[in-house]
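Colleague: I would like to go through one part of this model with you slowly, and then see how a few other positions are placed.

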Amino acid sequence: MYELFPRLAQRKGNLGTQLSGGEQQMLAVGRALVLNPSLLLLDEPLEGLAPLIVQELLRAIRRITREEGLYAILVEQHPQAILAISDTAAVLDRGTVVYAGTADSLREQPQLLDKLLGVAR
């Protein structure tokens, strides 16, 4: 876990309640990975995190999905950040799939993204 999240190595003597929100999120991902899952479900992993921590967490998610072969489903309110590290994207509206395709295609169509989510930028 420390290889994936070096920041946690510096804080290994701290209790979970003494970690920042971003560090707690990293710890949660690390704890999930200990179980050696084939699928990781992350619900708003970037919510409320500092930009530096967001970048660190995105790098880690990209690494585990690209290099480790782990599949991940990410539910996120910051689509541009997640689309940048994703292969495919799906947008649901009240349980109905309103978009399914490549993440690159959706990211390159900010008007469509704005129409679907209302948060393109």
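Colleague: Which residue does the side chain of aspartate 104 join through a polar contact?

Modeller: Bearing in mind that this is a predicted model, the side chain of aspartate 104 is joined to that of arginine 107 by a polar contact of 3.0 Å. Aspartate 104 belongs to helix H5, which covers residues 103-107, and with a relative accessible area of 38% aspartate 104 is partly exposed, because that class lies between the 20% limit for buried and the 50% limit for exposed. Looking along the chain from aspartate 104, leucine 83 is 21 residues apart from it in sequence, while the two C-alpha atoms are 6.9 Å apart in space.

Glutamate 23 can be set beside this, since it too has an acidic side chain in name and lies in a helix, namely H2, made up of residues 21-34. The relative accessibility of glutamate 23 is 7%, so this residue counts as buried, the limit being under 20%. Once neighbours within four places in sequence are left aside, glutamate 23 is in contact with Arg7, Leu8 and Arg11.

Alanine 72, finally, is found in strand S2, which runs over residues 71-75, and at 27% relative accessibility alanine 72 counts as partly exposed. With neighbours within four places again left out, the contacts of alanine 72 are Leu39, Leu40 and Thr65. Between alanine 72 and proline 37, which are 35 residues apart along the chain, the C-alpha separation is 9.9 Å.

Notes. Residues numbered from 1 in each chain as written. Predicted model: local features only at pLDDT ≥ 70, side-chain atom pairs only at ≥ 80, totals over all residues. Heavy atoms only, no water. Helix = DSSP H or I, 4+ residues; strand = E, 2+ residues; numbered from the N terminus. Buried < 20%, exposed > 50% of the residue type's maximum accessible area, 1.4 Å probe, protein only. Contact = heavy atoms within 4.5 Å. Polar contact = N/O pair within 3.5 Å; in protein donor to acceptor, adjacent residues only side chain to side chain.
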